[in-house]
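Please look through the structure shown here with the explanation that follows, which goes from one helix to the overall form and then to the loop.

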Amino acid sequence: MLGIGAAVLFVIAFLINAADITTNDVFSSVNLMLLGLALLALHVAGVGAGRPSRRR
């Protein structure tokens, strides 16, 4: 799920950058890309992967 969120943020950041849309400092394309990278790092680290399996 975090990987999908990262992909969505990357697409939004690309559209902001490609269309030269002026936004405030919070929603700039660089900030959205950094948030996407953070979500991608959490996804690769295994955060939010689901319930852990029980060991017997």
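**Helix H2 and its surroundings**

At 1.5 Å a residue, the 17 residues of H2 should span 24 Å, and its end C-alpha atoms are indeed 24 Å apart, which agrees; the expected span is 1.5 Å times one less than the number of residues in the helix. This is a predicted model, in which local features need pLDDT of at least 70 and side-chain atom pairs count only at pLDDT 80 or more, while totals for chains, interfaces and linings use all residues. Residues are numbered from 1 along each chain as its sequence is written, and side-chain values use heavy atoms, with hydrogens and water left out.

The buried residues of H2 are Ser29, Leu32 and Gly36, where buried means under 20% relative accessible area, exposed over 50% and partly exposed in between (1.4 Å probe, protein chains only). Seen down the axis of H2, these buried residues fall within an arc of 60°, so they line one face of the helix; the arc is that of the directions from the helix axis to the C-beta atoms. H1 is included in what covers them, contact being heavy atoms within 4.5 Å.

The protein has 2 helices and 0 strands, taken as DSSP runs numbered from the N terminus (helices H or I, at least four residues; strands E, at least two). Along its principal axes the C-alpha trace spans about 55 × 15 × 10 Å, and buried residues make up 12% of the 56 residues.

Between helix H1 (2-18) and helix H2 (29-45) lies a loop that holds Asp20, whose phi is positive, near 55°. Asp20 is exposed, with a relative accessible area of 63%.
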